[in-house]
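Grab a pencil and take your time with the sequence and the 3D view. Try each exercise yourself before you read its solution.

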Amino acid sequence: MDLEFGYWATRCIGQPIRLMLEYAGAKWEDKIYQAGPPPDFDKSCWFDVKEKLGLAFPNLPYLIERDAQGNTVRSMSQSVTIMSFIARRYNLLPETE
């Protein structure tokens, strides 16, 4: 399964997710959205594609899991949801309290 992670071209709340994916050895693609220059900070790069991704709640950050044929298996947004999924999928949860 391939993963696509999407977030703005900043670290912020996306960086812990990127670090988890790297640490887990996941096969993933980093989809970076770059806002335009000030004072407008044009976000059309995100607004043009967000409804086409098939997300139930189109928001950044997002994670899309695809099968070998490129079909979407599952998709999610919100950083805590994504980190919880990665932790369960790649056995990063603690074994004892």
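Below are five exercises, each with a worked solution.

**Before you start**

This is a predicted model, in which local features need pLDDT of at least 70 and side-chain atom pairs count only at pLDDT 80 or more, while totals for chains, interfaces and linings use all residues. Residues are numbered from 1 along each chain as its sequence is written, and side-chain values use heavy atoms, with hydrogens and water left out.

**Exercise 1. The sheet**

Work out the order of the strands in the sheet, and find which strands stand at the edges.

*Solution.*
- Step 1: Know your elements. Helices (H or I, at least four residues) and strands (E, at least two) are DSSP runs, numbered from the N terminus. Two strands pair if DSSP finds at least two bridges between them.
- Step 2: Read off the order. You get an open sheet of four strands, β2-β1-β3-β4, with mixed pairing.
- Step 3: Look at the ends. β2 and β4 each have a single partner strand, so one side of each has no neighbour in the sheet.
- Step 4: Check the twist, which averages 15° from one strand to the next. The angles here run from 0 to 180 degrees between N-to-C directions, and the axes are lines fitted to C-alpha atoms, for helices over the stretch in contact.
- Step 5: Add the helices. α1 packs on the sheet by touching β1 and β2, and its direction makes about 155° with that of β1. α3 packs on the sheet too, touching β1, β3 and β4, with a direction at about 135° to that of β4. Touching, or contact, means heavy atoms within 4.5 Å.

**Exercise 2. A hairpin and its serine**

Describe how β3 and β4 pair, then see what S77 touches.

*Solution.*
- Step 1: β3 (residues 62-66) and β4 (residues 72-77) pair in the antiparallel sense, over five bridges.
- Step 2: Match up partners. Y62 has S77 as its bridge partner in β4, and R66 has T72.
- Step 3: Now the turn. Five residues sit between the strands of this hairpin, and G70 takes a positive phi near 90° there.
- Step 4: Zoom in on S77, a β4 residue. Its relative accessibility is 10%, so S77 counts as buried. (Buried means under 20% relative accessible area, exposed over 50%, partly exposed in between, with a 1.4 Å probe and protein chains only.)
- Step 5: List its contacts. Leaving out residues up to four places away in sequence, S77 touches F57, N59, P61, Y62 and I82. The S77 side chain also reaches the backbone oxygen of F57 at 2.8 Å.

**Exercise 3. Two sides of a helix**

Which residues of α1 are buried, and which exposed residues does the opposite face carry?

*Solution.*
- Step 1: Within α1 (residues 15-24), the buried ones are I17, R18, M20 and L21.
- Step 2: Those four span an arc of only 160° around the axis, which puts them on the same side of α1. The arc is that of the directions from the helix axis to the C-beta atoms.
- Step 3: Recall the general idea. An α-helix has 3.6 residues a turn, so residues three or four places apart point the same way.
- Step 4: Turn α1 around. The face away from the buried side carries the exposed residues L19, E22 and Y23.
- Step 5: Find the cover. Among what covers the buried residues of α1 are β1 (2-8), β2 (28-33) and α3 (79-89).
- Step 6: Go just past α1, where G25 takes a positive phi of about 75°.

**Exercise 4. Two buried residues**

Find the surroundings of R18 and I86.

*Solution.*
- Step 1: R18 is in α1 and is buried, with a relative accessible area of 9%.
- Step 2: Among the residues that R18 touches are F5, W28 and D30. A polar atom of the R18 side chain also lies 3.3 Å from the backbone oxygen of T10.
- Step 3: I86 belongs to α3 and counts as buried at 0% relative accessibility.
- Step 4: The residues touched by I86 include I17, M20 and L21.

**Exercise 5. Looking for disulfides**

How many disulfides does a search of the whole structure find?

*Solution.*
- Step 1: A disulfide is a pair of cysteine sulfur atoms within 2.5 Å.
- Step 2: The search finds zero.
- Step 3: Check C12. Its closest cysteine sulfur, in C45, is 15 Å away, too far for a bond.

Conventions
Polar contact = N/O pair within 3.5 Å; in protein donor to acceptor, adjacent residues only side chain to side chain.
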